[in-house]
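Have a look at the sequence and the 3D model below. A short tour comes after them.

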Amino acid sequence: MAAQPDTEVASLSPGPIAGEPMARLLTEAVTRLRRALRSSIRTDYPWETLPMAQVELLQVLSEHSPARVSDMGARLCLAQSTVSGLIGRMIAAGLVTRDVDPADHRVAVVALTHAGRERLAAWTAAHERRIDAALAALDDSAQTAVEEALPALFQLAERLGEPTPRGLTESNTHIGG
């Protein structure tokens with residue numbers, strides 16, 4: 001083990017770092033992971049132009065298709081007008097279709113097209129390849145730490161998706177390290 005890790009590596013190391021709150025470190029780690037994925041994917045998949053909001057919409061539709069615009073908005077925590085705008089661009093790109101809900105002809109439903117499924121599968125495979133390569137470069141203990149953290153990260157994501165209880169403010173929502 002190195003005597004003094006540099007600041008960049010230290011900020012990504014497991015466990016709390018001298019006085020840094022866990023919430024801040026986790027926010028930084030997630031931000032760096034997203035940024036690294038976004039930039040590294042362009043190396044292996046330079047033609048990819050899907051914005052993350054469209055990817056997330058494709059992911060929702062791959063699990064719940066066809067779906068009402070309002071349902072997708074609720075699942076993604078986006079306004080219905082935002083989802084409608086995304087859908088319009090995705091229809092133009094041939095990734096999704098909009099049709100009438102057979103159960104209620106006043107409501108539109110959106111479904112993935114074959115091209116949308118293929119695009120999402122290619123995007124997912126490219127990200128998995130990049131992550132697999134990065135994981136393989138870690139030592140065994142770091143790989144194990146990542147694997148063991150996954151259930152807690154999924155639980156955390158679920159908690160973050162829940163409505164914030166009334167009465168909680170910025171000053172009292174600190175997650176201590």
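What follows is a walk through a strand pair, some salt bridges and a helix.

First, the ground rules: this is a predicted model, where local features need pLDDT of at least 70 and side-chain atom pairs count only at pLDDT 80 or more, while totals for chains, interfaces and linings use all residues. Residues are numbered from 1 along each chain as its sequence is written, and side-chain values use heavy atoms, with hydrogens and water left out.

Let's start with the strands. Strand β2 covers residues 96-101 and strand β3 covers residues 104-112; the two run antiparallel and are joined by six bridges. (Strands here are DSSP runs of E with at least two residues, helices are runs of H or I with at least four, and both are numbered from the N terminus; two strands pair if DSSP finds at least two bridges between them.) Together β2 and β3 make a hairpin, with two residues between them. Within this pairing, Arg98 sits opposite Val110 of β3.

Now for the charged contacts. How many salt bridges does a search of the whole structure find? It finds three, counting a side-chain nitrogen of Lys or Arg within 4 Å of a carboxyl oxygen of Asp or Glu. Here they are:

| Acidic residue | Basic residue | N to O distance |
|---|---|---|
| Glu28 | Arg32 | 2.5 Å |
| Asp101 | Arg68 | 3.1 Å |
| Asp104 | Arg106 | 2.9 Å |

Asp101 belongs to strand β2 and Arg68 to strand β1 (residues 67-68), so this salt bridge ties together parts that are 33 residues apart in sequence. Glu28 and Arg32, on the other hand, both lie in helix α2 (residues 22-44), four residues apart, or about one turn of the helix.

How open are these residues? Buried means under 20% relative accessible area, exposed means over 50%, and partly exposed is in between (1.4 Å probe, protein chains only). Asp101 is buried at 10%, while its partner Arg68 is partly exposed at 30%. Asp104 is buried too, at 16%, but Arg106 is exposed at 76%. In the α2 pair, Glu28 is partly exposed at 26%, and Arg32 is partly exposed at 22%.

Last stop: helix α6, residues 114-136. Its 23 residues reach 32 Å from the first C-alpha to the last, close to the expected 33 Å at 1.5 Å a residue; that expected span is 1.5 Å times one less than the number of residues. Which residues of α6 are buried? They include Gly116, Leu120, Trp123, Ala126 and His127.
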